[in-house]
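User: I am new to this structure. Please take a close look at one part, the strand pairing. Then add what can be said about the loops and helices around it.

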Amino acid sequence: MLNSIINIDLHIHSKLSAYKEEPGFVENSSVDHLDVLFKKLDDHNINLFSFTDHNRFDVELYEKALEIIEDENKYTNVKGLLSGVEFDVILEDKDGMKPCHIITIFDTKEKKDREKIQTCINEDKLLLPQESYTKERYEALLKKIGLNTILIVHQKQSLDIIDKTHKSLSGSVKDPYSIIKIGYISALEYQKSAVEGILKNNLKDLEKQVPLFTGSDCHQWKYYPKHDKNASYEIERFTTMKCLPTFKGVLLSLTSPNTRINLIKKLKKPNYLEKFNLGDKEVSFDYGINAIVGENGAGKSTLMKLLNGDTRANYVKRIKKDSDFILEQTLSEDDTLFVEQSEIVRKLNDKQLFDSSFYEEVDNSEFKTAYQEFDKKLKRFIEHNVTLNEMYKKLDNTKIVIDPEMEISTFFLQIDTTTLKLQNTNDVNERKESLKTILLNIKKEIANEYYNGTQKKSLIEIYNSFLGFYKEIAISYYKIVCSNGVKNAIINQCNEYKVNVKTRQTAVDTQVSTYKENKQAVISNFISFIEKEKENNKLPNSVKILSSDSDKSENGFVFKKIAKYSGSNVEEVYMKKMFIQDYQCITNLSEINTKEEMKRAIMGCANISDINEKWSTNFKRFMDEMTDSDEFILDAGNDVKQGRTLGQISLTYYKYHLNSENSAEVICIDQPEDNISNNHINQSLINYLNILRKDKQIIIVTHNPLLIINLDVDNVIQVELLNNKIYCKSGCLEDESSEILKYIAENMDGGKESIERRYKLYD
């Protein structure tokens with residue numbers, strides 16, 4: 001049996017309250033006039049009610065009313081009757097505090113329970129209209145009756161107003177909030193909607209949820225739901241509950257008001273499951289939250305697979321056939337979120353938990369440019385020192401003796417090409433290409449339809465201005481290229497001339513030309529050394545700390561990607577990747593002046609011939625590591641970084657998917673509690689699922705009683721697997737016939753404790 005939304009009125013008087021009223025006021029509210037009341041209740045769709053007379057209880061009235069309810073064809077809307085009394089109780093017997101009205105609902109299962117209420121009250125009956133029970137006397141009476149109770153206190157105005165004429169809680173105790181906090185009462189009763197708003201504002205800062213009830217306080221049944229014939233108002237809207245019309249149903253509603261009280265009726269969506277059959281047995285689903293429970297190996301996951309049409313495994317096919325499982329509906333993949341058991345772990349290991357497109361690529365161009373420049377300058381600095389030292393040693397070992405006799409002309413011209421030096425084009429070419437890239441990017445932006453006319457005009461102006469600067473650098477580059485081309489052609493021809501001449505020279509010519517070439521070489525070496533020494537050779541400046549990341553917003557989260565170098569000084573990492581320990585500082589590197597020492601300094605370099613290759617390899621390794629990215633997720637509401645443990649990742653996954661923006665109509669999750677602590681189940685997972693219960697149909701497989709009790713599931717399906725056949729028993733939590741609560745208490749670890757924590761009374 002599944003619960004449904006019912007209208008309740010737990011505050012109706014009968015003739016039994018006559019001792020406190022004017023003569024004849026409730027004369028027609030008696031056993032003989034029950035059909036008058038039932039007709040009114042049926043017309044106003046009141047499904048559950050109670051007679052709560054002033055300090056009195058009438059077994060005969062209840063038994064007759066129960067007989068009428070048992071005739072299901074007579075008043076079809078009236079489903080249940082709870083036993084109750086409205087007691088006058090002085091909660092604080094000091095400072096002139098007045099009594100309040102406490103509607104006390106008893107859990108009566110049999111006639112003898114109702115007889116006990118009547119007997120105990122008659123043994124301690126209030127006789128005078130103005131008489132009241134003291135708090136101690138009232139509690140002693142309840143203890144004597146010995147039945148579970150729900151206490152609802154009347155409140156006609158703000159809790160902050162001490163008005164001693166209304167028999168309200170605030171006129172009975174100086175601090176009504178304290179008595180609410182300790183849980184002495186179960187709910188507050190109001191009659192006017194304006195008072196409901198005031199009370200909600202009063203209670204907004206309390207951690208404890210306090211249910212609010214309407215009650216008609218009807219005394220003359222003929223004029224229900226008014227108080228009496230002359231009443232100026234009647235109940236505008238009765239309190240609704242999603243529960244069975246029983247004491248336990250009301251108790252469950254009070255302990256979970258957000259999921260049970262004053263709900264809007266949920267309409268069926270096309271993809272909602274209504275039922276499945278196991279042979280002749282029909283098992284129903286609620287449109288809200290359904291929990292599948294059972295022992296290990298009981299077939300819970302198999303049932304979930306069958307509901308989602310997953311019969312790929314042979315054992316699932318066999319169980320379906322042997323169980324005579326029939327599901328007339330088919331869950332659409334487009335409208336269903338199905339999370340299988342261990343699916344999160346599997347997707348996490350495969351790096352498929354979230355779509356890779358959620359993480360946008362990081363722009364590392366600035367970092368790459370900066371460190372490429374740093375690396376190039378450092379290598380050039382070291383190479384300059386090495387070359388200068390080699391040139392110096394070469395000069396030191398170079399000698400020539402000036403011989404005037406050799407200073408004569410030869411038959412053939414002696415040509416010196418050492419002055420025809422080719423210029424290095426690397427620097428100017430890099431600048432040219434860099435500027436060209438900028439121009440191409442600007443041109444690309446101009447073509448983009450994102451920009452409006454004014455913005456495009458500005459881009460074109462920037463492009464044209466930048467184009468002139470680019471042309472200036474390009475002309476410089478091509479001038480050097482052309483000059484080098486001419487010089488190279490001349491050198492080539494001169495070298496050919498020298499080769500031809502040597503075959504025709506006389507011995508004297510050969511001796512003279514050799515002397516002159518050696519002399520010119522010495523001069524050229526000196527000049528080259530001086531020029532090299534004058535070159536502006538400086539150590540590169542440290543690279544500034546750079547940051548680069550990307551983020552993309554999706555479903556209340558920010559998927560962030562951040563480069564490893566971001567926000568850090570990674571020069572030390574560069575040094576460790578490039579050089580051995582003794583050379584991992586600029587000072588030591590600046591003292592290198594031989595190729596042998598340079599080879600020794602470079603990490604992993606064994607030969608001088610490998611210097612360039614190893615340098616490049618080490619630098620690439622550094623760049624690859626630093627431009628790698630870390631991925632993480634932020635909660636868009638508070639910028640809190642989501643955790644990295646499996647449980648925290650699971651919560652993030654559920655929070656991402658379990659929201660109203662998800663297009664799925666049906667949510668199916670096999671053991672959502674896996675890897676999540678009970679604390680996080682209570683504080684987070686239950687909230688995620690609760691948010692969706694108004695918009696989605698939810699089906700979970702669970703071993704955790706917290707997800708049943710604290711989530712207040714609407715329907716529990718208990719599964720057993722015997723001889724390859726699935727057997728099911730189902731019902732809502734308060735369903736006595738299915739004994740769902742008993743199963744949870746006796747068969748689920750922590751089940752009894754979970755129930756007792758929610759309900760102060762448990763039997």
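Analyst: Two strands count as paired if DSSP finds at least two bridges between them. Keep in mind that this is a predicted model.

Start with a hairpin. Strand E10 covers residues 275-278, and strand E11 covers residues 281-284. Four bridges join E10 and E11, and the pairing is antiparallel. Four bridges meet the requirement of at least two, so E10 and E11 count as a pair. One bridge sets Lys-275 against Ser-284 in E11. The hairpin has two residues between its strands. In this hairpin, Gly-279 takes a positive phi near 65°.

E10 has another partner. Strand E13 (residues 325-326) pairs with E10 over two bridges, again in the antiparallel sense. Two bridges are just what the rule asks for, so this pair counts as well. Here Leu-278 stands opposite Phe-325 of E13.

What holds such pairs together in general? Strands of a sheet pair through backbone hydrogen bonds, and they do so in a parallel or an antiparallel way.

Now move to another pair. Strand E1 (residues 4-12) and strand E9 (residues 240-243) run antiparallel, with four bridges between them. Ile-5 has Lys-242 of E9 as its bridge partner. Lys-242 also appears when we look at the faces of E9. In a regular strand, side chains alternate between the two faces of the sheet. On one side of E9 are Thr-240 and Lys-242, and on the other are Met-241 and Cys-243. These four residues are all buried, so both faces of E9 are covered.

The loop leading to E9 has a feature of its own. Pro-225 sits in the loop between strand E8 (212-214) and E9. The peptide bond joining Tyr-224 to Pro-225 is cis, with omega at about 10°.

Next comes an open sheet. Three strands lie in the order E15-E16-E17, and their pairing is antiparallel. Which strands form the edges? They are E15 (549-554) and E17 (629-635), each of which pairs on one side only. On average, neighbouring strands of this sheet are turned by 20° against each other, with direction ignored.

Look at the link between E16 and E17. Strand E16 spans residues 557-563, and seven bridges join E16 to E17. One of these bridges matches Val-558 with Leu-634 in E17. Helix H20 (residues 646-657) packs on the sheet and touches E15, E16 and E17. The direction of H20 makes about 130° with that of E16.

The loop between E15 and E16 holds Asn-555. Asn-555 is not a glycine, yet its phi is positive, at about 50°. Is Asn-555 buried, exposed or partly exposed? Its relative accessible area is 31%, which means that Asn-555 is partly exposed.

Ser-342 gives a similar case. Ser-342 is placed in the loop between strand E14 (336-339) and helix H11 (343-349). Phi of Ser-342 is positive too, near 65°, in a residue other than glycine. With a relative accessible area of 44%, Ser-342 is partly exposed.

Finally, the helices. Helix H12 (residues 365-396) packs with helix H16 (residues 571-578) at an angle of about 50°, and their axes are 13 Å apart. The angle therefore makes H12 oblique to H16. The crossing of H12 past H16 is right-handed. From H12, the contact uses Tyr-371, Phe-374, Asp-375 and Leu-378. From H16, the contact uses Glu-571, Tyr-574 and Met-578. Five of the contact residues are nonpolar, two are charged and none is polar.

Met-578 leads on to one more helix. Asn-618 belongs to helix H19 (residues 611-626). Beyond its neighbours within four places in sequence, Asn-618 is in contact with Lys-577, Met-578, Ile-602 and Met-603. The C-alpha atoms of Asn-618 and Met-575 are separated by 9.8 Å, although the two residues are 43 residues apart along the chain. Why does Asn-618 count as buried? Its relative accessibility is 2%, and the cut-off for buried is under 20%, so Asn-618 qualifies.

Note on methods: Residues are numbered from 1 along each chain as its sequence is written. This is a predicted model: local features need pLDDT of at least 70, side-chain atom pairs count only at pLDDT 80 or more; totals for chains, interfaces and linings use all residues. Side-chain values use heavy atoms; hydrogens and water are left out. Axes are lines fitted to C-alpha atoms, for helices over the stretch in contact, and angles run from 0 to 180 degrees between N-to-C directions. Angles under 35 degrees count as roughly parallel, over 145 as roughly antiparallel, 65 to 115 as roughly perpendicular and the rest as oblique. A crossing is left-handed if the near helix is turned anticlockwise from the far one by less than a right angle, and right-handed if clockwise. Contact means heavy atoms within 4.5 Å. Ala, Val, Leu, Ile, Met, Phe, Trp, Tyr, Cys and Pro count as nonpolar, Asp, Glu, Lys and Arg as charged, and the others, Gly among them, as polar. Buried means under 20% relative accessible area, exposed over 50%, partly exposed in between (1.4 Å probe, protein chains only).
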